[in-house]
Amino acid sequence: MESWSDMLLMTFILVVIFLLVVLFSAVHISIQYTYEKDNQYMIITVFLLKIRFFKKKYDLKAFGEEHNLFDGIHFESFPEKLNSLHQTWKEANRVMMNFLMKVRLHHFSWVTAGGTGDAFTTGIASGSIWSVKGIMTGYFLEKVQLKCKPYIYVEPNFQEMFVRTDLDCIVSIRFGQAILAIIKLTRRPIIIKKPGGRS
């Protein structure tokens, strides 16, 4: 009997230790988002204790227009959409603030390329995209714990009419903090508004 009780006690202690290690361990999340005319997807990879236990590619086109961040957007209207997303982030600031302050950013790359088919309007659109991306990125980066040098780039194409954006980042957060943040966010969902005030 004594040996069984010792084994149960030891098992309980090991389980508690394991749960504590997991709760205080950092979860690393890799997010890759790509948008172009007929291709819009996101790849999310999650690591815990340096072990990859989740990776999935989401075809956002399959979810319909209401779930797509940049559906139907052209290079010339891209700054308007970015500004709309920025306003949404600002409105969600109270929900996201405590969460973002706990997040460590290990890698951040955001590259946008495209053109309108006209050199003049492409130049204007490129300047607007640079400006809005700078504002958005600055607003986001001042909320998180920065552990890297962010890379932001806009590549204008003066001959073609297209738009493509690639966002690649790696963040980490304590597992316990992530669970609390998810509970708070599910209680108060964030709605992304579309250009023109629609949601």
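## Strand pairing

Two strands count as paired if DSSP finds at least two bridges between them. With that in mind, let's look at strand 7 in this predicted model. Strand 4 and strand 7 run antiparallel and are joined by twelve bridges. One spot to find in the viewer is G114, which stands opposite V163 in strand 7.

Strand 7 also pairs with strand 1: the two run antiparallel, with ten bridges between them. Here you can look for H28, which has S172 of strand 7 opposite it.

## The nonpolar core

In soluble globular proteins, nonpolar side chains tend to be buried together. The largest nonpolar core in this model holds 27 residues, and L82, L105 and F140 touch the most other members. At least two core residues come from each of strand 1 (26–36), helix 2 (78–91), strand 4 (104–116), helix 4 (119–141) and strand 7 (161–174). Helix 4 gives the largest share, six residues.

So which strands appear both in the pairing and in this list of core suppliers? Strand 1, strand 4 and strand 7 each supply at least two residues of the core, and strand 7 is bridged to strand 1 as well as to strand 4.

## Around M42

M42 is a handy residue to click on next. You will find M42 in strand 2, which covers residues 39–48. Leaving aside residues up to four places away in sequence, M42 touches I31, Q32, Y33, K56, K57, Y58 and L60. For one of these, Q32, the C-alpha to C-alpha distance to M42 is 5.5 Å, although the two are ten residues apart in sequence.

Technical notes: Residues numbered from 1 in each chain as written. Predicted model: local features only at pLDDT ≥ 70, side-chain atom pairs only at ≥ 80, totals over all residues. Heavy atoms only, no water. Helix = DSSP H or I, 4+ residues; strand = E, 2+ residues; numbered from the N terminus. Contact = heavy atoms within 4.5 Å. Core = buried A, V, L, I, M, F, W, Y, C linked by side-chain atoms within 4.5 Å. Buried < 20%, exposed > 50% of the residue type's maximum accessible area, 1.4 Å probe, protein only.
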